[in-house]
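Subject: The structure I promised you

Hi,

Here is the structure we talked about. Have a look at it first, then read on for what turned up.

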Protein chains: 2
Amino acid sequence: MYFIVTKVDSRNFVLKGDIAYSKSQTKIQSFENSYLVCEKGKSAGVFPRLPAAFAGFPLIDYTGRLILPGLTDLHIHAPQFSFRSLGMDMELLSWLEKHAFPEEAKYRDAEYARRAYGLFVDHLKRGPNTRFCIFATLHVPATVILMDLLEESGLVSMAGKVNMDRNSPDILREANADASAAATREWLTALAGRNYKNTYPILTPRFIPSCSDDLMRALSGIQKQYALPLQSHLSENQREIAWVRELCPSSNFYGDAYAQFDLFGANTPTVMAHCVWSGNEELRLMRNRGVYIAHCPQSNLNISSGIAPARRFLDMGIPTGLGSDVAGGVHTSIFRAMTDAIGVSKLRQCLAAKDEAPITFEEAFWMGTLGGGSFFGKAGLPGNAGAAGSFDPGYEFDALVIDDADLAAPFRLSVEERLRRTVYLSDDRHIAAKYVRGKALFG
Amino acid sequence: MYFIVTKVDSRNFVLKGDIAYSKSQTKIQSFENSYLVCEKGKSAGVFPRLPAAFAGFPLIDYTGRLILPGLTDLHIHAPQFSFRSLGMDMELLSWLEKHAFPEEAKYRDAEYARRAYGLFVDHLKRGPNTRFCIFATLHVPATVILMDLLEESGLVSMAGKVNMDRNSPDILREANADASAAATREWLTALAGRNYKNTYPILTPRFIPSCSDDLMRALSGIQKQYALPLQSHLSENQREIAWVRELCPSSNFYGDAYAQFDLFGANTPTVMAHCVWSGNEELRLMRNRGVYIAHCPQSNLNISSGIAPARRFLDMGIPTGLGSDVAGGVHTSIFRAMTDAIGVSKLRQCLAAKDEAPITFEEAFWMGTLGGGSFFGKAGLPGNAGAAGSFDPGYEFDALVIDDADLAAPFRLSVEERLRRTVYLSDDRHIAAKYVRGKALFG
């Protein structure tokens, strides 16, 4: 049963400009002065000459500008946006106690939530990401406020009320499994009347240390009843992993603690953030069950988690996208996550794993576009919702138009070189237009 | 003998706003709604109430904005700015052959140099850095063009014609030591008539592999004759170090290869970029001779050099600032270098050196302001040129006014929290005004 009625905007138009997107995990395809067709909110492909079939579509001329797929942020904490760049001086578990939990507790106050989430969503709207998997807090009213704001923005997102009934401070803990499950049902019921077009609920147990076995069992029931996708955290930090081992003596490894409740891929579309310290057995299970990894290189660096083995994720064929993990990460832009993924992978090769080749630019760009955007086609969302991140025919039409004039060089740059410069050097100012599901957010 | 006549602008005024700067390597001092006095181009200090002595000075009211010292970039390659973010797919020595050398060879053409350096200097003018140590190329006319543009910009810089007479491609190599030395004298002679106020020559042997012993001997003579400071590269990459060992069998370590020619601190004010793999003996010699380190964390990551032991630099008391090392680094802003320095130091502790505590925010901010800015007081520059990077009385008046309104949080931020946000999140747009040596570049 799924109760949210979802309509995709039907829009037909053509954008003209210099177009680039990932043809595969290792190859970027670029098209100078070409035509990108949007038909009923989906890409109909890129053409050097406009086919007669689309000659009647309105054409928006972005000649000289770059047109790229929208980016997907597979992991971000909405309530933490408020303190990004503050408190970057400790590791995960202390950081949660000292910074994240006290700030999240404030969202009990709906007025605070409205103000803080307003800043957050305004910021996202201006940036290069078009899709998001978002953690809210455990508070039902605040989470609904966030989702209302997201829907209003035109962005596409899955957002989750967080579940946490243990090992958390009094100010930010649900009384027990029943209370947490009841609040989750209350949240889903509140959404039922809203008819969101672009905003979806996602089950969000914070992480194993915060969720009792009873709660996980209850969430498993809710997942089956509503066919919800799920997001959580996995193998981020070594102390956390040791803790999970204590808390779940019957699990073989961290991921197994989710799998025991059937909340780890297969019939439960799942995205797990981090996997910095995942072992082979965990990674193999993820591949076999199609569990997505949200690779969050900046957060892993800021809170001293380490460097995730992204080369292994890709080589093993585990579906992988990028996450900002604000406020473990400071920057929301997935362009930044791409360059961080490349950078830290080089350090991993230098210092920790000589046999793991660094992530290439092509791979990082793929992860930040199609890698993450494909989760929206796999999450079992209602209303024929599909994948984004590519301009191949059939993908949902998320596109950025980049005015890169002030990133010029004293020599001529190819479209692919301009793409590299955009990824490394652009900011919100360079986004001349932004389309999500075939609808212009601005530009 | 030093032939450049240098005058410091004499200007008296007061800025009012929220002020922060490094009181020491480990402590930032902040002042809400206070007064920063500029007297004859130097700071006269920060005051909660304006002392009567300065009551007659014109006051510029930046209430609600942040006022910070200007930043110093101790290491940047002007000709590489053109290809920043391109060719980030190899290590140092291959990267030099494939990307850096072919681009630098183009600066033989003065017209190309004028165009490319124009883009470079315009960009620097808008950013948060006020001082620079800059590598040009081996070409005398292009280097003079660069220095003319720098002088015109109002920024303060030391810039050097590069020396290289071996192990470089034909298109970018001087014929021999005599030719390189003669070109250096020609360059210094060309500057003699120019009466720069803010632009200084600095001797720039590229690195040991590019400079024959004869050339180093000749440069040592030129250094003594003109009392010039010196910049070069040191212990960036392990292959490079092995190569230096082959090229200079009589040197005990890489730094010793400079020291043998008296081009390594003591009577030769020196800044060396990188020191990623410097051993104890090398670091001790640097401390004893006051050799500055330009720590370039982003470049070290991009071209897979590793993570420099910045904790040891600071704990040993080696003078240390930050460098962008464009185009090994992609970003010119030293704000970015600060956050990169913090980030990679955490990974170094995780993966390579558990006993080396990460670089703190306070230390990174110090390195990017006073750490590097102090080199301008130590370099033996003419015209009573002094250090920058602090608002303590007597420092040259380099200041940034930051409009951080759009970095606001849903709660009140302290001045120090706003500083953190500025460092992590601001870009050129946030710089409302920029002062160098007491003169407004804009704002």
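A word on names before anything else: helices and strands are DSSP runs, numbered from the N terminus, with at least four residues for a helix and at least two for a strand. With that in hand you can place A:N384, which sits in the loop between α13 (375-378) and β15 (399-402) of chain A. Its phi is near 55°, a positive value in a residue other than glycine. For background, most residues other than glycine have a negative phi, and most peptide bonds are trans.

Keep in mind that this is a predicted model. It scores ipTM 0.96 and pTM 0.97. Chain A has a mean pLDDT of 96, with 98% of its residues at 70 or more. The stretch to treat with care is residues 1-9 of chain A, where pLDDT stays under 50. For that stretch the model has 34 contacts beyond four places in sequence.

**The seven-stranded sheet in chain A**

Try tracing this one strand by strand. The order is β3-β2-β1-β4-β15-β16-β17, and the seven strands form an open sheet with mixed pairing. At its edges are β3 (42-47) and β17 (439-442) of chain A, each pairing on one side only. From one strand to the next, the twist averages 40°. As a reminder, strands of a sheet pair through backbone hydrogen bonds, either parallel or antiparallel.

How do β1 and β2 of chain A run, parallel or antiparallel? They run antiparallel: strand β1 (residues 13-24) is joined to strand β2 (residues 27-39) by 10 bridges. To find your way in, look for A:K16, which stands opposite A:Y35 in β2(A).

**The same region in chain B**

In chain B, strand β1 (residues 13-24) and strand β2 (residues 27-39) pair in the antiparallel sense over 10 bridges. B:V14 stands opposite B:V37 in β2(B). The two strands form a hairpin, with two residues between them.

Going on along the chain, β2(B) pairs with strand β3 (residues 42-47) of chain B, again in the antiparallel sense, over five bridges. The bridge partner of B:E39 in β3(B) is B:K42. This hairpin also has two residues between the strands, and B:K40 takes a positive phi near 50° in it.

**The four-stranded sheet in chain A**

Now for another open sheet, whose four strands come in the order β11-β12-β13-β14 (chain A) with parallel pairing. β11 (230-234) and β14 (320-322) of chain A each have a single partner strand, so one side of each is left without a neighbour in the sheet. The twist here averages 30° from one strand to the next.

Inside this sheet, three bridges join strand β12 (residues 270-274) to strand β13 (residues 292-295) of chain A. One place to see the pairing is A:V271, whose bridge partner in β13(A) is A:Y292.

**Helices on the sheets**

Helix α8 (residues 280-289) of chain A lies across β11, β12 and β13 of chain A, at about 120° to β13(A).

Which strands does α12(A) lie across? Helix α12 (residues 361-373) lies across β1, β2 and β4 (59-69) of chain A, running at about 120° to β1(A). α12(A) also lies across β13 and β14 of chain A, at about 105° to β14(A).

While you're on α12 of chain A, find A:F361 and A:F365, which are four residues apart, about one turn of the helix. The count of aromatic pairs over all chains comes to 32. In the case of A:F361 and A:F365, the ring centres are 6.4 Å apart and the planes are at 10°, so the pair is stacked.

**Two helices side by side**

Helix α3 (residues 140-153) and helix α4 (residues 177-192) of chain A have axes that come within 10 Å and cross at roughly 35°. The crossing is right-handed. From α3(A) the contact takes in A:V140, A:T143, A:V144 and A:M147, and from α4(A) A:A183, A:E186, A:W187, A:A190 and A:L191. These residues divide into seven nonpolar, one polar and one charged.

**Cis peptide bonds**

Last stop: a cis peptide bond joins A:V326 and A:A327, with omega about 10°. A:A327 is in the loop between β14 and α11 (334-351) of chain A. In chain B, a cis peptide bond joins B:V326 and B:A327, also with omega about 10°.

Happy exploring!

Notes:
Residues are numbered from 1 along each chain as its sequence is written. Chains are lettered from A and ligands numbered from 1 in the order in which they are written. This is a predicted model: local features need pLDDT of at least 70, side-chain atom pairs count only at pLDDT 80 or more; totals for chains, interfaces and linings use all residues. Side-chain values use heavy atoms; hydrogens and water are left out. Two strands pair if DSSP finds at least two bridges between them. Axes are lines fitted to C-alpha atoms, for helices over the stretch in contact, and angles run from 0 to 180 degrees between N-to-C directions. Contact means heavy atoms within 4.5 Å. pLDDT is the predictor's confidence in each residue, from 0 to 100. A crossing is left-handed if the near helix is turned anticlockwise from the far one by less than a right angle, and right-handed if clockwise. Ala, Val, Leu, Ile, Met, Phe, Trp, Tyr, Cys and Pro count as nonpolar, Asp, Glu, Lys and Arg as charged, and the others, Gly among them, as polar. Rings of Phe, Tyr and Trp (its six-membered ring) pair if their centres lie within 6.5 Å; planes under 30 degrees apart count as stacked, over 60 as edge-to-face and the rest as tilted.
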